[in-house]
Amino acid sequence: MTVLKEVRQQPHINNEVYKHSSYYQGLIKRSLRYLSSGYPVHFTGPSGIGKTTLALHIAKQRNRPVMLLNGNKELANEDLIGAFTGYQSSKVKDNFIRTVYKTEENVTESWTDGKLLEAVKHGYTLVYDEFTRSQPEANNIFLSILEEKILPLYGTKRKESFIRVHPEFSVIFTSNPAEYAGVFQSQDALLDRMVTLPLDHMDHQAEVTAVISKTNLSRESAESIVEFVVTARELCESNDQLQGPSLRASIMIAEMAEKHDIPIDGNDEEFQELCLDITWFPLQTCTPKEKQPQLKEKLLDACKKIKVG
Ligand SMILES: Nc1ncnc2c1ncn2[C@@H]1O[C@H](COP(=O)(O)OP(=O)(O)O)[C@@H](O)[C@H]1O
Ligand SMILES: [Mg+2]
């Protein structure tokens, strides 16, 4: 299982959203400032609002190789630091009896550097995405990295007991709020060592720009779709709107309509179905059962208002 990979080929990140938003420009500037001063940055917020994309965008600005680590329940120290990968053995031909080969055990085991060790040693920028999906014990190693600036190697049977963290090494963490399924509560000591910047849904215009950058739809079409999704989001009963449809929902509707020639028209049955398929489930999870039938009607009404051109 590859949990950590170097991001050589950056996914295409359209900067239009950030370029036109003073909010994002400020956020990016401050984040880069914290990172260059040795403080890790942590973006937390609902799923699908653009945390990973923003983290990668910022990481790229540092002009150091970028590594992406995905939080994972199974993540263990060997994945991060490295491990001995077994004995090397070789066959040696016996010079006296030609048909006999003996196997010679090589006394040294071979060690493979873990990717975190590589990143720490060479001063890469690490994006640790959804870090609270890893068990808190697996994340303990970051306490020494961030505080003492060393990567401890005890228990690995390596001769040296630690590796010094390269001065250019930096980390951008992302996480979903603790209420999400499959997420562990992070240890306070770790949170205490990073600058946590809570992110909310993009503002309306930024969301429209993101949809346009992902599709060839007109601004007017993108605006209608985003307007619908924002209306749906606002129907969410839970006040933190964690589960409401996100930017990802706007992009899904836009991409599906474009790919399958579904007219962006509230009177078109296929478009209505698309609107409901994408937004109904995330809304249902934040609405009490007795209110759900009316909710479906409200969603459909909002969809029917869409008329482009
Ligand atoms: N600045 C942006 N420009 C264009 N698309 C974006 C931007 N930010 C996010 N997206 C898109 O929105 C979706 C959700 O973004 P992502 O970063 O995966 O969110 P999160 O990490 O918060 O779940 C993805 O499809 C992503 O490509
Ligand atoms: Mg993400």
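Is N176 buried or exposed? In this predicted model, N176 is buried, because its relative accessible area is 4% and a residue counts as buried when that value is under 20%. N176 is found in the loop between strand 9 and helix 8, and a look at what surrounds N176 is a useful way into the structure. If residues up to four places away in sequence are left out, N176 touches T44, G45, P46, S47, K51, E130, T132, R133 and V183. Two polar contacts can be picked out here: a polar atom in the side chain of N176 lies 3.2 Å from the backbone oxygen of G45, and the side chains of N176 and R133 are joined by a polar contact of 3.5 Å.

With that residue in mind, the reader can step back to the whole chain. The protein has 309 residues, of which 47% count as buried, and its secondary structure comes to 13 helices and 10 strands. Among the contacts between residues at least 6 apart in sequence, 73% join residues that are at least 24 apart. The accessible surface of the protein comes to about 16,800 Å², and carbon and sulfur atoms account for 48% of that surface.

One of the residues that N176 touches, K51, leads on to helix 3, which runs over residues 51–61. The buried residues of helix 3 are K51, L54, A55, L56, H57, I58 and A59. An α-helix has 3.6 residues a turn, so residues three or four places apart point the same way. The cover over the buried residues of helix 3 includes helix 1, helix 2 (22–36), strand 2 (41–44), strand 3 (66–70), strand 6 and strand 9 (170–175).

Strand 6, which covers residues 125–129, is the place of T125. T125 counts as buried because its relative accessibility is 0%. Leaving aside neighbours within four places in sequence, T125 is in contact with A59, R62, R64, P65, V66, M67 and S170, and with R62 there is also a polar contact of 3.5 Å between the two side chains.

Just after helix 3 comes N63, which is found in the loop between helix 3 and strand 3. Most residues other than glycine have a negative phi. The phi of N63, however, is positive, near 55 degrees. N63 counts as exposed because its relative accessibility is 69%, and exposed means over 50%. D261 also has a positive phi, near 50 degrees, although D261 is a residue other than glycine. The place of D261 is in the loop between helix 11 and helix 12 (269–284), and with a relative accessible area of 68% D261 is exposed.

The loop between strand 9 and helix 8 (188–191) also holds Q187, which at 16% relative accessibility counts as buried. Although Q187 and P136 are 51 residues apart along the chain, their C-alpha atoms are separated by 6.5 Å. Not counting residues up to four places away in sequence, Q187 touches P136, N139 and N140. The side chain of Q187 takes part in two of the polar contacts: one of its polar atoms lies 2.9 Å from the backbone oxygen of P136, and the side chain of Q187 also makes a polar contact of 2.8 Å with the side chain of N140.

The last part of the path leads to ligand 1, where 18 residues form the surroundings and G48, K51, T52, T53 and K214 come nearest. A polar backbone atom of G48 is 2.7 Å from an oxygen atom of ligand 1. Side chains take part as well, for a polar side-chain atom of T53 lies 2.6 Å from an oxygen atom of the ligand, and an N or O atom in the side chain of K214 is 2.6 Å from an oxygen atom of ligand 1. Of the 550 Å² of accessible area that ligand 1 has on its own, the protein covers 89%. The elements that give two or more residues to this shell are helix 1 (16–19), helix 3 (51–61), helix 9 (204–214) and helix 11 (247–259). By class, the shell has eight nonpolar, seven polar and three charged residues. At least three residues of the shell come from each of domain 1 (4–80 + 114–198) and domain 3 (204–304).

Note on methods: Residues are numbered from 1 along each chain as its sequence is written. Chains are lettered from A and ligands numbered from 1 in the order in which they are written. This is a predicted model: local features need pLDDT of at least 70, side-chain atom pairs count only at pLDDT 80 or more; totals for chains, interfaces and linings use all residues. Side-chain values use heavy atoms; hydrogens and water are left out. A residue is near a molecule or strand if one of its heavy atoms lies within 4 Å of it. A polar contact is a pair of N or O atoms within 3.5 Å; within protein, one must be able to donate a hydrogen and the other to accept it, and residues adjacent in sequence count only if both atoms are side-chain atoms. Accessible areas come from the Shrake-Rupley method with a 1.4 Å probe; for residues, only the protein chains shown count as cover. Helices (H or I, at least four residues) and strands (E, at least two) are DSSP runs, numbered from the N terminus. Ala, Val, Leu, Ile, Met, Phe, Trp, Tyr, Cys and Pro count as nonpolar, Asp, Glu, Lys and Arg as charged, and the others, Gly among them, as polar. Domain bounds come from an automatic or database domain assignment. Buried means under 20% relative accessible area, exposed over 50%, partly exposed in between (1.4 Å probe, protein chains only). Contact means heavy atoms within 4.5 Å.
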